[in-house]
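Here are my notes on the model you sent, set out as numbered points. They deal with the ligand site and then with the aromatic pairs.

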Amino acid sequence: MNDPKIIIALDYPASAPALSLVDRLQPGLCRLKVGKELFTAAGPELLDRLMQRGFEIFLDLKFHDIPNTAAQACKAAASLGVWMINVHALGGRKMLEAARDAIDRCAHRPILIAVTMLTSMGQQDLADIGINATPAEMVLRLAAIARESGLDGVVCSAQEAALLRKQFGSEFCLVTPGIRPALAGHDDQSRVMTPQAAMQAGSSYLVIGRPVTQAADPLQALLDINKEIVGARFIAP
Ligand code: C5P
């Protein structure tokens, strides 16, 4: 089966602009990420319309709650027929296990991944909330808890991918944003990697927004990125 590596971030406030972009893409070339903004505005109906067009969906709602509530939310998300969902690893082992158990019982089981540390959180932000560890230590620690709790993988920066790939093996799913084709601008992303470098660092899937959504020809941008990563494999550091 075709397994597109690119996940296009649909960062839009409503269905109409999202669908007009999607109508210029092809499901064999990418999956789609629907996050809090678009899902809050457009709801499950939009997911249906995207899936009717043949696209698989990463529903990026980053659930973080008491175990029962997070588990029920995961179950509800799974029932929408999406391909991938996520939770915050900071919800802790009990919440992660409850989420995993809930989707394991679903007829359609999406891939379940965890967010480790938000990349917007630096050393000082951790100190502020009483965590005496570096962001990198936290990422490793939370990824380990996610793995031990039976989750399928984590969202991480491509800079962290090589270490996590080495630590957790080839089956652990690493979903990496912050990707910029060699010739593209960086927008507001500071630590970026090219698509090929991110695949070689061990990424399983690349989340890409503006380099495709804002391109004059989004389909061509997507084709170019897919061409760049053909055959790109993890190169152990
Ligand atoms: O437009 P761009 O390629 O920067 O979009 C990246 C997408 O990945 C956005 O939806 C953004 O919210 C998401 N993301 C990110 N960095 C993270 C986690 C998610 O850029 N650490």
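**Notes on the ligand site and the aromatic pairs**

1. Sorted by class, the shell around the ligand holds 5 nonpolar, 3 polar and 4 charged residues, where Ala, Val, Leu, Ile, Met, Phe, Trp, Tyr, Cys and Pro count as nonpolar, Asp, Glu, Lys and Arg as charged, and the others, Gly among them, as polar. This is a predicted model, in which local features need pLDDT of at least 70 and side-chain atom pairs count only at pLDDT 80 or more, while totals for chains, interfaces and linings use all residues. Residues are numbered from 1 along each chain as its sequence is written, and side-chain values use heavy atoms, with hydrogens and water left out.

2. The residues that surround the ligand (a heavy atom within 4 Å) include Ala9, Lys33, Gln189 and Gly209. Strand 8 (205-208) and helix 9 (210-213) each contribute at least two residues to this shell, helices (H or I, at least four residues) and strands (E, at least two) being DSSP runs numbered from the N terminus.

3. Oxygen atoms of the ligand lie 2.8 Å from a side-chain N or O atom of Asp11 and 2.7 Å from one of Arg180, whereas a nitrogen atom of the ligand is 2.6 Å from a polar side-chain atom of Thr119.

4. The structure holds 2 aromatic pairs, meaning rings of Phe, Tyr and Trp (its six-membered ring) with centres within 6.5 Å, counted as stacked under 30 degrees between planes, edge-to-face over 60 and tilted otherwise. Trp83 and Tyr205 form an edge-to-face pair, at 5.1 Å centre to centre and 90 degrees between the planes.

Key:
A polar contact is a pair of N or O atoms within 3.5 Å; within protein, one must be able to donate a hydrogen and the other to accept it, and residues adjacent in sequence count only if both atoms are side-chain atoms.
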